[in-house]
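The exercises below are meant to be worked through with the sequence and the coordinates open side by side. Each one sets a task and is followed by a solution that proceeds step by step.

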Amino acid sequence: MGWFTKLINSSLGRKLLMSLTGLFLITFLVIHLIGNTAIFKGDDGLAFNAYAKFMSTNPLIHTVSYLLYAGIILHVIIAITLYFRNKSSRPVGYDKLNARANSSWESRNMTLLGLLILAFLFIHLKDFWWQYKYHGGYEFQIDADGNRDIYALVIEQFKTPFALVSYLIGLIALFFHLKHGFWSAFQTLGLDHKKYTPLIKALGLLYAILVPLGFASMPVYVYFFK
Amino acid sequence: MEKERNYTLKIWRQPNAQSKGEFKTYEVKNISTGTSFLEMLDILNEELTLKGEDPVYFDHDCREGICGMCSLFINGRPHGPDEEVTVCQMHMRMFEDGSTITIEPWRARAFPVIKDLVVDRSAFDRIIQAGGFISVNTGVTTDANAILISKENADLAMDAAACIGCGACVAACKNASAMLFVSAKVSQLALLPQGQSERKRRALAMVEQMDKEGFGACTNTGACSAECPKGIDLSNIARLNREYFTASVS
């Protein structure tokens, strides 16, 4: 086990964990997005409510959800340890610094973007997950199929300007985080190749645009068109 | 001939490692555009010496862009605004007449200031000592082409070997990470047959030493490569990651 603790305590090992948990969260986002498109079905939420029930009762999903919580927590904790380690590597800063000349803004602000996403995540979980799973105080109605009507809660929440603005800010932060993070995860794993790296970079940009845009379409749709 | 230029220099002065240090402002006049940046500092130092003041200490050696000694952080960038050159190869025509030029030392915990603009970069030497070498028997010179090496690998190894160890990568990185330096040194040997016997040991030992010296982790911002006077590519960092992880798990 000596080699393992040595690996995860090294700066490269920490980055490896950031990369692996990051990629895991990236795959989760796609699944979350695809499932949530049930909101657009126009059946007063029957499909969406059935999907929500499936997600909260299926034993396999249940197991994976604990992996997901662990993934998020690990990603955050290691990011914090790296942040302080990196800060301590330069105790005296520069008087004049022209970082724009050599690197992108998002690559230099992954911690800030991550914290914005984390703040958004708390709002998001409090809005729905907490209510649905832990009975946060909201009285759920029962829909025509006999499922708890989380769709009605989504509509109610997304009708508030606070939700609209906080979700959009969270998703813009997610766009920038993914814009750097997607390719960066592959680079950290050492998956670099002159044939495939341009493809990974293009895919990363496409992903960073499409996934947050897909999520943003939901509160925007409810707020303006429902 | 173009008009000679005048500059205001804002230079970090620090008598020794223990003292606090501060910026001091100097004026230099009638600098020709063909003067190199270090020659401009020489002119300043001559004036300071004649006035009986302590000259500005800065590292330099070959002044041909190949030794890696010069190390100035100029107007917010290591080696200044020019692309892929060291400070000694940069000319004063890069700076507008009448402008203020801020000159700072490399800033990193692993590179403590010795005096003024001179920093201690022996952390790099200790990383090399940890594994940046190959063991060969001395004796008769072996035939140059006895071991066949593919053109691709020879080129990649040569590109990595262009690293002069100046530390601009560390200076540029927001985390003061030494990943580009270490990755170039690991790559130049990992790509060649002569580097195979110590390959795993090397990657593990050099990364361990890098961490021990207090350099930060890599965020893949690419600042190191963008500021590298030798244009060392980021793909070397991916290779180091591969080398380190495979060496760790195997």
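**Exercise 1. Trace the pairing of strand S1 of chain B and place this strand in its sheet.**

Solution. The model is a predicted one, and the pairing can be followed one neighbour at a time. Begin with S1(B) and strand S5 (residues 100-104) of chain B, which run parallel and are joined by four bridges. Within this pairing, Ile11(B) has Ile103(B) of S5(B) as its bridge partner.

Turn next to the pairing with S2. Strand S1 (residues 5-13) and strand S2 (residues 22-31) of chain B run antiparallel, and eight bridges join them. Here Leu9(B) stands opposite Tyr26(B) of S2(B), while the partner of Ile11(B) in S2(B) is Lys24(B). Ile11(B) therefore has a bridge partner in S2(B), namely Lys24(B), and a bridge partner in S5(B), namely Ile103(B).

Then assemble the sheet. Five strands of chain B form an open sheet with mixed pairing, and their order is S2-S1-S5-S3-S4. S2 and S4 of chain B are the edge strands, each of them pairing on one side only.

Finally, ask how S2(B) is placed with respect to burial and to the helix that crosses it. Of its ten residues one is buried, so S2(B) lies largely in the open. Helix H1 (residues 37-50) of chain B lies across S1 and S2 of chain B, and runs at about 100° to S2(B).

**Exercise 2. Determine how helices H5 and H6 of chain B are oriented towards each other, and describe their contact.**

Solution. Take the geometry of the axes as the starting point: those of helix H5 (residues 179-190) and helix H6 (residues 199-212) of chain B come within 11 Å and cross at roughly 170°. Angles over 145 degrees count as roughly antiparallel, and H5(B) is therefore roughly antiparallel to H6(B).

The next step is to list the residues that make the contact. H5(B) contributes Val182(B), Lys185(B), Val186(B), Leu189(B) and Ala190(B), and H6(B) contributes Arg199(B), Arg202(B), Ala203(B), Met206(B), Val207(B) and Met210(B). Sorted by character, the residues of this contact comprise eight nonpolar and three charged residues, with no polar ones.

**Exercise 3. Describe how the two assigned domains of chain B are placed and how they meet.**

Solution. The domain assignment divides chain B into domain 1 (5-104) and domain 2 (122-249). Taken over C-alpha atoms, the centres of these two domains are separated by 30 Å. Their meeting involves twelve residues of domain 1 in contact with ten residues of domain 2. On the side of domain 1 that touches domain 2, five residues are nonpolar, five are polar and two are charged.

**Exercise 4. Characterise the fold of chain A and the side of chain A that touches chain B.**

Solution. Chain A has nine helices and zero strands, and its C-alpha atoms fill a box of roughly 60 × 45 × 40 Å along the principal axes. Of the 226 residues in chain A, 30% are buried. Among its contacts between residues at least 6 apart in sequence, 77% join residues at least 24 apart.

For the interface, note that 35 residues of chain A are in contact with 37 residues of chain B. On the chain A side, at least two residues come from each of helix H1 (2-9), helix H2 (11-36), helix H4 (59-88), helix H5 (105-108) and helix H8 (161-189). H2(A) gives the most, with five residues. By character, this side of chain A consists of 13 nonpolar, 14 polar and eight charged residues.

**Exercise 5. Where do His135(A) and Asn75(B), residues with positive phi, lie, and is each buried or exposed?**

Solution. As background, most residues other than glycine have a negative phi. His135(A) has a positive phi, near 50°, and is found in the loop between helix H6 (110-134) and helix H7 (150-158) of chain A. With 10 other C-beta atoms within 10 Å, His135(A) is exposed.

Asn75(B), likewise not a glycine, has a positive phi of about 50°. Its place is the loop between strand S3 (73-74) and strand S4 (77-78) of chain B. Asn75(B) has 19 C-beta neighbours inside 10 Å and counts as partly exposed, since a residue is buried only if 20 or more other C-beta atoms lie within 10 Å of its own.

Key. Residues are numbered from 1 along each chain as its sequence is written. Chains are lettered from A and ligands numbered from 1 in the order in which they are written. This is a predicted model: local features need pLDDT of at least 70, side-chain atom pairs count only at pLDDT 80 or more; totals for chains, interfaces and linings use all residues. A residue is buried if 20 or more other C-beta atoms lie within 10 Å of its own, exposed if 12 or fewer, and partly exposed in between; C-beta atoms are placed from the backbone. Two residues are in contact if their C-beta atoms, placed from the backbone, lie within 7 Å. Ala, Val, Leu, Ile, Met, Phe, Trp, Tyr, Cys and Pro count as nonpolar, Asp, Glu, Lys and Arg as charged, and the others, Gly among them, as polar. Two strands pair if DSSP finds at least two bridges between them. Domain bounds come from an automatic or database domain assignment. Axes are lines fitted to C-alpha atoms, for helices over the stretch in contact, and angles run from 0 to 180 degrees between N-to-C directions. Angles under 35 degrees count as roughly parallel, over 145 as roughly antiparallel, 65 to 115 as roughly perpendicular and the rest as oblique.
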